[in-house]
Amino acid sequence: MTISEKIFSRASGKEVKAGDFVLANIDLAMTHDITGPLAVDGFYEIMEGREEKKVWDPSKIVILFDHQVPADSLHAAKNHIMLREFAQEQNILNYDVYEGVCHQVVPEKGHVKPGDLVVGSDSHTCAYGSLGAFSTGVGSTDMAAVLASGKLWFRVPQTIRFEVEGKLPERVYSKDLILHLIGDVGVEGARYMAAEYAGSTVRSLSISERMTMSNMAIEMGGKAGIIEPDGVTEKYLQERIPGYKLDPEWVSDEGADYQDIRHYDVSNLEPQLACPHNVDNVKPVSEVEGTKVDQVFVGSCTNGRFEDLEIVANMMGDEPVAEGVRLLVIPASRTEYLKALRAGYIEQFMEAGAIVESACCGPCMGGSFGLLGDGEVGLATSNRNFRGREGSAESFVYLGSPATAAAAALTGEITDPRKI
Ligand SMILES: CC(C)[C@H](C(=O)O)[C@@H](O)C(=O)O
Ligand code: SF4
């Protein structure tokens, strides 16, 4: 069995394999300020006529505010009021108004562990696969059903395994690797499959770097982006769940039935960029060098952690942001912000002329602020570059690693970070 088949077997109480339809028990459900209100409406619709209108288990629900914080419109403010009231009424204690981007906060607070079945009403919920959970995004109506019953039906997905070997060269990171994989298989390459990342390269990555890879599984159509848990996972969890011990069950069996196994050697991988307007339009940075940029955005659930900010800070040193370029730095959570603050990086960014905002999604999906205007070019460490994603439909978004972002912030154009 693959790790995903094992998780679905446990969650549905019977042995299942890829292709089976199951009704599974959910271990954790996450919703946020954009998709939450619709899920809550749906929940009350399901509950109509019942005397007790209670969620299935308040301790297994997490509600976070991140896409439009602080409220950037009256509509957002209304959504926030509704969710706060819902959390209070339902006794949902795991809710927070300004803790940061959901996909950073959920693992950071120790809500997810290997073997869990997690759903979130956000497509990048696949990020928690970095901890060996089967974690996937669902729509608000599915979330309504989960809030009411704690169950959801699934077709157990096939698995596509990515075996990655070799040491990542200097200034080449897990973001470059995942972009490379997406470029290779395409935006539908893992459609409805669990993307399983394995091999010595993946093993050598920190949880932060693994999160970047799991986060972007959806950009190849993946249902999940799962990494078998190991000592690195155990250590991360022990810092969050006192006494946590890794259960050796949560790995794929030798000879498990895969849809496809793909092999990669990253020893010579160059820094990669997803070019406008699709995440699978991936090219080595060297091919796009010299393109002028108007805005560099360092942040999001993909690459807004302390480690990412550290890469940018180290590359920038005491150099200023290039003239005419807006560098927008938005840490992914309050915790990551504080770590960067204490390390002196926030001060460094401010001195360099950057705009530093508190933890939220920022311009990642063209939400609250930092939008690109007609004809403008942005380079972002986030995960999507669809037309209009960060503002104007006439703007252009490139996606790259924090190092590639730092290089562009320093030079004002797309630059190979290995040259800095
Ligand atoms: C707002 C939400 C539905 C959306 C998602 O599901 O991914 C957003 O987070 C995104 O990244 O596009
Ligand atoms: S940071 Fe971007 S990708 Fe992540 S949840 Fe927010 S909008 Fe979605």
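User: Before we start, what counts as near a molecule here?
Analyst: A residue is near a molecule if its C-beta atom, placed from the backbone, lies within 6 Å of it. Keep in mind that this is a predicted model.

User: OK, ligand 2. Which residues come nearest?
Analyst: Ser-300, Cys-301, Cys-361, Cys-364 and Met-365 come nearest, out of 14 residues around ligand 2.

User: Which elements give two or more residues to that shell?
Analyst: Two helices do: α4, residues 102–108, and α11, residues 300–303.

User: And how does the shell around ligand 2 split by class?
Analyst: There are 6 nonpolar and 6 polar residues, plus 2 charged ones.

User: Why does ligand 2 lie between the two domains?
Analyst: Domain 1 (3–264) and domain 2 (272–419) both contribute residues to the shell, so ligand 2 lies between them.

User: Now ligand 1. Which residues are around it?
Analyst: The residues around ligand 1 are Ile-34, Thr-35, His-67, Asp-122, Ser-123, His-124, Gly-137 and Met-365. Met-365 is also listed among the nearest residues of ligand 2.

User: What classes are those in the ligand 1 shell?
Analyst: The shell of ligand 1 has 5 polar residues, 2 nonpolar and 1 charged.

User: Back to the domains. How far apart are their C-alpha centres?
Analyst: The C-alpha centres of domain 1 and domain 2 are 25 Å apart. Each side of the contact is counted separately: 31 residues from domain 1 and 31 residues from domain 2.

User: On the domain 1 side, which elements give two or more residues?
Analyst: Those are α4, α6 (174–185) and α8 (207–215). The largest share comes from α6, with 6 residues. Helix α4 also gives two or more residues to the shell around ligand 2.

User: What's the class split on that side?
Analyst: The side of domain 1 that touches domain 2 has 13 polar residues, 9 nonpolar and 9 charged.

User: Different topic: α12 and α15. At what angle do they pack?
Analyst: Helix α12 (residues 306–316) and helix α15 (residues 402–411) pack at about 35 degrees, and their axes are 8 Å apart.

User: Is that crossing left-handed or right-handed?
Analyst: The crossing of α12 and α15 is right-handed.

User: Which residues meet there?
Analyst: From α12, they are Asp-308, Ile-311, Val-312, Met-315 and Met-316. From α15, they are Pro-402, Ala-403, Ala-405, Ala-406, Ala-407, Ala-409 and Leu-410.

User: How many of those are nonpolar, polar or charged?
Analyst: The contact of α12 with α15 has 11 nonpolar residues, no polar ones and 1 charged.

How values were computed:
Residues numbered from 1 in each chain as written. Chains lettered and ligands numbered in written order. Predicted model: local features only at pLDDT ≥ 70, side-chain atom pairs only at ≥ 80, totals over all residues. Helix = DSSP H or I, 4+ residues; strand = E, 2+ residues; numbered from the N terminus. Nonpolar A, V, L, I, M, F, W, Y, C, P; charged D, E, K, R; others polar. Domains from an automatic or database assignment. Axes fitted to C-alpha atoms, helices over the stretch in contact; angles between N-to-C directions. Left-handed = near helix turned anticlockwise from the far one by under 90°. Contact = placed C-beta atoms within 7 Å.
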